[in-house]
Amino acid sequence: MATLTQDTLVTDLAAILGTGGVLTDPEALLLHSSDLLGHGSRCRLVIRPETQEQLVAAVRRIAVEGLALMPRGGGLTYVSGYLATRPDWVAVDLRRMNRILSIDEDDMVVTVEAGVTWQQLYEALQTKGLRLPFFGTFSGRGATVGGGLSNGALFLGTARYGTAADIVLGLEVVTADGSVVHTGQKAVARAPKPFLRSFGPDTTGLFIHDAGALGIKCKASLRLIRKPAHTDFLSFAFAHRDAAIAAICEIGRAELAEDAYVMDPDKTRAALSAPADLIRDVRTLGKVVVQEQGLLRGLKAGAKLALAGRDFIEDGCFSLHLVLAGRSRSGLDDDMAAARAIATRFGGNELPNSIPKAGRAELFSPLDAVLGPTGDRWVALNGKVPHSGAKALVDDLEDLLAAHEPALAVNGVEVSRLITIMGNHAFSYEPVFNWHDAWLPMHEATISAKTARDLPRPPANEGARALVMQLRHEIVDILARHGAASNQIGRTYPYASVLRPESRALLEGIKRTLDPDGRMNPGALELG
């Protein structure tokens with residue numbers, strides 16, 4: 001039974017947030033107390049503000065009770081970033097704050113609320129011939145801008161432009177006591193617009209990739225570019241992993257591609273041999289035709305994609321995939337020639353470009369992808385190092401996986417790898433574990449009705465799950481030894497504990513200033 005204090009709090013919050021603004025039913029509490037990997041302690045209630053003013057008033061009311069606040073975007077994460085271990089906490093679901101507030105074509109800045117999804121923003125900008133430099137994740141149908149800024153979102157555009165952190169000009173952040181902090185140029189009292197990030201110390205950067213430990217992002221102003229006039233695609237096969245890594249790193253240094261990624265043989269086969277959905281395949285083919293410049297060129301590209309099919313990759317091949325874009329066709333052709341020369345130098349053989357072309361044709365994957373094609377669960381880890389550290393990191397991780405290969409086989413755990421680059425300066429290695437296990441509330445809430453109906457629900461598989469968790473810990477230890485960075489830090493990767501003493505003292509001082517009682521996502525980033 002709820003206490004009088006709980007009843008009073010819920011009544012007050014309902015008056016602030018309106019219909020649907022407060023959730024207390026068991027199903028909602030369970031959903032908001034889990035992610036795609038596991039459960040935290042059960043939250044006391046969920047607030048769902050629609051405006052910044054509502055959020056400020058709600059945060060101030062909750063502060064009276066001394067409850068922890070756990071900011072949450074789309075919830076599509078597996079690092080316990082918004083899951084508390086303490087009992088008294090409130091989940092802050094920002095998905096109803098989903099308005100695009102302004103698109104300034106003169107100053108090339110867009111300002112959005114934190115609950116706007118990457119897909120929503122991409123589509124709104126498309127009509128104006130504009131785009132973000134980095135413009136979203138594969139999960140961008142449900143992943144939000146606020147969540148992405150808190151967790152280091154990356155992929156679409158990352159090989160040339162970096163991550164979500166690199167496109168932010170300013171933020172409005174609500175801190176634990178309900179204060180609103182402006183960052184970037186808007187921190188200046190008389191500044192009319194958020195057009196610049198770096199007038200004085202970079203206060204915007206304090207709140208980027210903070211897992212919500214320093215405040216709740218309400219609004220973000222992001223820089224725009226004009227949509228590239230021409231886009232094209234390349235794929236290459238490499239017999240050896242090290243050659244593929246060397247090639248993608250050199251292509252990154254040369255700044256030739258917007259997207260660049262290497263799939264291992266298993267991931268390549270999975271991308272091409274997943275159970276076919278005829279309707280979806282036809283729609284993808286149609287999108288390929290539309291995205292090409294000119295009808296004849298589009299029809300030829302669509303025909304090549306159809307003919308290439310799903311089974312052209314040789315056994316044992318590591319495949320490199322590139323998306324290149326430019327202002328002119330001739331400039332793009334020059335970049336493609338340079339990329340071909342690099343791939344050839346490292347032993348790559350050109351392949352039909354079906355994978356990157358289909359990926360860009362359907363930018364934001366259906367959210368059914370939170371599960372594998374047979375209803376299996378998956379979870380990834382990632383480490384970022386300079387290009388010069390790529391081989392040493394990969395060798396250590398692969399030695400670990402090889403040592404556990406018998407146990408992985410016995411428990412039915414499959415491991416694939418995704419290799420990417422970030423701008424011209426960083427390399428990323430991502431092992432992905434797939435295994436059959438009982439679904440979590442976030443899986444059930446995210447998949448479509450058709451998937452929920454068609455896929456069998458696996459039974460609990462405690463042995464496989466324990467093995468995956470063990471390997472996660474061992475991989476995280478290796479990443480720490482290499483001084484690697486990771487996105488989606490949450491409670492999975494060490495942060496405060498691996499900082500130099502002076503840097504940790506600075507971080508903890510900022511935390512004390514913004515959140516003296518330690519109520520803003522306590523435990524994230526290893527901060528109280």
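Two strands pair if DSSP finds at least two bridges between them. I'm starting there, everyone, since my opening topic is a sheet. Please keep in mind that this is a predicted model.

The sheet is open and has four strands, in the order S1-S2-S4-S3, with mixed pairing. As a reminder, strands of a sheet pair through backbone hydrogen bonds, either parallel or antiparallel. Strands S2, residues 45-47, and S4, residues 89-93, run parallel, and three bridges join them. If you'd like one pair to find on the screen, take Val-46, whose bridge partner in S4 is Ala-91. Now, which strands stand at the edges? They are S1 (22-23) and S3 (68-72); each has a single partner strand, so one side of each is left without a neighbour in the sheet.

On to the cysteines, which I know some of you will ask about. How many disulfides does a search of the whole structure find? Zero. A disulfide is, of course, a covalent bond between the sulfur atoms of two cysteines. For Cys-43, the nearest cysteine sulfur is that of Cys-218, 19 Å away. Turn it around and Cys-218 has the sulfur of Cys-43 as its nearest, again at 19 Å. Since a disulfide here needs the two sulfur atoms within 2.5 Å, Cys-43 is in no disulfide, and neither is Cys-218. Are these two buried or exposed? Cys-43 is buried, with a relative accessible area of 2%, and Cys-218 is buried as well, at 0%.

Next, a quick stop at a serine. Ser-319 lies in strand S14, which covers residues 318-326. Its relative accessibility is 0%, so Ser-319 counts as buried. What does the side chain of Ser-319 contact? It makes a polar contact with the side chain of His-321, at 2.8 Å.

Let me finish with a pocket. Rolling a probe the size of a water molecule over the atoms shows where empty space is left. The second largest pocket holds about 900 Å³ of space. Its lining is made up of 36 residues, and those nearest its centre are His-209, Ala-485, Ser-486, Ile-489 and Tyr-495. Three helices each give two or more residues to this lining: H7 (203-206), H18 (462-481) and H19 (501-514). Which element gives the largest share? That is H19, with four residues. As for chemistry, the lining residues divide into 22 nonpolar, 11 polar and three charged.

That's my tour, and thanks for listening!

Key: Residues are numbered from 1 along each chain as its sequence is written. This is a predicted model: local features need pLDDT of at least 70, side-chain atom pairs count only at pLDDT 80 or more; totals for chains, interfaces and linings use all residues. Side-chain values use heavy atoms; hydrogens and water are left out. Buried means under 20% relative accessible area, exposed over 50%, partly exposed in between (1.4 Å probe, protein chains only). A polar contact is a pair of N or O atoms within 3.5 Å; within protein, one must be able to donate a hydrogen and the other to accept it, and residues adjacent in sequence count only if both atoms are side-chain atoms. On a 1 Å grid over the protein atoms alone, a cavity is a set of points where a 1.4 Å probe fits but cannot get out, and a pocket is an open set with protein on both sides within 12 Å along at least five of seven lines; lining residues have an atom within 4 Å of a point. Grid points are joined across faces, edges and corners, and a volume is the space filled by probe spheres set on the points. Ala, Val, Leu, Ile, Met, Phe, Trp, Tyr, Cys and Pro count as nonpolar, Asp, Glu, Lys and Arg as charged, and the others, Gly among them, as polar.
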